[in-house]
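Let's take a walk through this fold together, one piece at a time. Have the structure open and turn it as you read.

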Amino acid sequence: MQELPLYVVVLGFLVIWHKSGSLPPGPRRLPIIGNVFQMPQTSPWLTFTKWAKTYGDIMHVDVVGKHMVVLNSAKVARELLDKRSLTYSDRPHFVMVGDLAGFSELLVFQSYGEEWRKQRKLIAQEFTQASAPRYYSLQESQARILAWNILRDPSSLFSQVRLRIGINIIQVTYGYTVKGAEDPFITGPLQSMQNFSEGTVPGSFLVDFIPALKYVPNWMPGAGFFQKAKAWRQVLWDASWAPYLWLKENQNQAISMPNLCASVISDAGGELSREEETRLVWAASTVMGGGLDSNMSTVLSFFLAMALYPEIQSKAQAEVDAVVGFERLPEINDKTSLPYVRSIVTEVMRWRPAMPLGIPHAANEDGLYNGLYIPKGSVMMANVWNMLHDPKIYSNPSDFNPDRYKNLDSEMQKVFDVLFGFGRRACPGFHFAEGTIFAIVLTLLATCDILPPTNEEARATLNNLPYTGVGIISFPENFEVRLKPRSSRASLLADVIESLDC
Ligand code: HEM
């Protein structure tokens, strides 16, 4: 028999050895079920952050044979997800929400490939940095209506934030003006997001662990998940197609404001093939999902921070007063002259990241990193929470402290680079999100004092306010603030509101 060259033998050994023994470190696993019993049901980023102290920057957990690789430092996340993006740009496969409920059609859950590329291109070309200013007037108007409405009724904080952010995102996606909180074009996507969150709670659906179950007849005992998946698919389908069909029938109304769907149709000369239309519908539906909850969570955390840190609020208000004066309301363009306000927005995103584990990537081939073996199919999770709460990088990370950036954009950028994701999958909505958030933050700082509630009990809850820990987005639980009008700009606000049709 012909002898094998030595390097082939050595490589062969290495592959076998890496496959068997050199996964990244992690908690001890049991045969077959792995770390199932150690996996937290809520806020997994907090448990992962605790484990990171023992296992370091990259660790491994096994959930019934499914490999999960948790990246605890920005350096490692960048080396893998950015620099090796050809290997780590896929998404994990969800059987319940993906295959059965239909969420795998959405760009955000598409496998890394041609369809993903085409959907992503539609969105990326609409929401570039250069095109962001065309949405400023909408974002500023909605911010002013928001401030006005919560000044009059602070208990409407959550519903108003949801509605105003919803109006922005639906308008720029379909050109449709939402009629109110109960408009199905806004309740549909919100319901769909909630279904998705429910469907991705680890361990809630056996079919995700035993995919063959998706082939059992739906009359079998225990196959109730089929009914649920069918209902979820319908909600997703309606939320995605109904606003698009509205746009097709109301093109004249829909082009009054630039929007994604109208731009794509117009670029194609007014007619899309069925395939192009389907692609656009799922891309647009991803924008809705991407832009709603993440922005809402961030804006609510801003209110919380201001109520808890009045001296920081006063410092930001002094900056706004000095730059904007008292004759007008602030505009998004003012942000370039307001480094302290920029630091506040950054600090909100660091202090309470809306997506503490980002959105998981997946490995599409076997890989080695510093001698550690990362198997094909591994779910790659960026532990954004740990990256933004590492005391070696952010001293006293639980404190809300915008001064830590020393007004330097280069320092602030480090937070955005982590929060908005990695490599080819990084969020394409950053510039639009920035506009929405700055419009709200600036308008609120200029026109209102955000104060904690007078009621002692409600005030005490603010200090340790729980955040929801299931699903991809983390939200503050219900809380109250008081708002007091400040400066002559509050009366400017009243004048502007009168002139707006709302
Ligand atoms: C504070 C607001 C936001 C945050 C924190 C945020 C964060 C993220 C993160 C972490 C990802 C996953 C990145 C990765 O896989 O590495 C993502 C993806 C995405 N985001 Fe955002 N996002 C925000 C707002 C928006 C907005 C306003 C839009 C739409 C205009 C948007 C559209 C998308 C889309 C389409 C994707 C999927 C990208 C892909 O899979 O290729 N996001 N976002």
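## Strands side by side

Two strands pair if DSSP finds at least two bridges between them. Keep in mind that you're looking at a predicted model. Now try β3 and strand β6 (residues 379-382): they pair in the antiparallel sense, over two bridges. Pick H361, and you'll find that its bridge partner in β6 is M380.

Those two strands belong to an open sheet of four, in the order β1-β2-β6-β3, with mixed pairing. At the edges sit β1 (58-63) and β3 (361-362), each pairing on one side only. Something also packs on the sheet: helix α3 (residues 74-82), which touches β1, β2 (66-71), β3 and β6. The direction of α3 makes about 140° with that of β6.

## The hairpin

How many bridges join β1 to β2? There are six, and the two strands run antiparallel. Across that pairing, V61 stands opposite M68 in β2.

The hairpin of β1 and β2 has two residues between the strands. Have a look at V64 here, as this residue takes a positive phi near 45°.

## Around the ligand

Next, the ligand. It is surrounded by 28 residues, and the closest are G290, G291, G421, C427 and G429. The elements that give two or more residues to this shell are α5 (114-126), α12 (274-308) and α17.

Which helix gives the largest share of the shell? That's α12, with seven residues. Sorted by class, the shell has 16 nonpolar residues, 10 polar ones and two charged ones.

## Who else meets α12?

Two packed helices are described by the angle between their axes and the distance between the axes. Let's use that on α12 and helix α14 (residues 339-351): their axes come within 9 Å and cross at roughly 105°. Angles of 65 to 115 degrees count as roughly perpendicular, so that is the word for α12 and α14. On the α12 side, T298, S301, F302 and A305 do the meeting, while α14 brings V348, M349 and W351. By class, this contact has five nonpolar residues, two polar ones and no charged ones.

Helix α8 (residues 184-199) meets α12 too: the axes come within 10 Å, crossing at roughly 80°. That makes α8 roughly perpendicular to α12. The contact is made by P189, L190 and M193 of α8, together with M288, G289, L292 and D293 of α12. Here the classes come out as five nonpolar, one polar and one charged.

## A slanted pair

Are helix α6 and helix α17 oblique or roughly perpendicular to each other? Helix α6 (residues 136-152) and helix α17 (residues 430-447) pack at an angle of about 40°, their axes 8 Å apart. That angle makes α6 oblique to α17. As for handedness, α6 passes α17 in a right-handed crossing.

If you'd like to colour in the contact, pick Y136, Q139, E140, A143, R144, L146 and A147 of α6. From α17, add G435, T436, A439, I440, T443, L444 and T447. The contact of α6 with α17 divides into seven nonpolar, five polar and two charged residues. And remember that α17 came up earlier, as one of the elements giving two or more residues to the shell around the ligand.

Definitions and conventions
Residues are numbered from 1 along each chain as its sequence is written. This is a predicted model: local features need pLDDT of at least 70, side-chain atom pairs count only at pLDDT 80 or more; totals for chains, interfaces and linings use all residues. Axes are lines fitted to C-alpha atoms, for helices over the stretch in contact, and angles run from 0 to 180 degrees between N-to-C directions. Angles under 35 degrees count as roughly parallel, over 145 as roughly antiparallel, 65 to 115 as roughly perpendicular and the rest as oblique. A crossing is left-handed if the near helix is turned anticlockwise from the far one by less than a right angle, and right-handed if clockwise. Two residues are in contact if their C-beta atoms, placed from the backbone, lie within 7 Å. Ala, Val, Leu, Ile, Met, Phe, Trp, Tyr, Cys and Pro count as nonpolar, Asp, Glu, Lys and Arg as charged, and the others, Gly among them, as polar. A residue is near a molecule or strand if its C-beta atom, placed from the backbone, lies within 6 Å of it.
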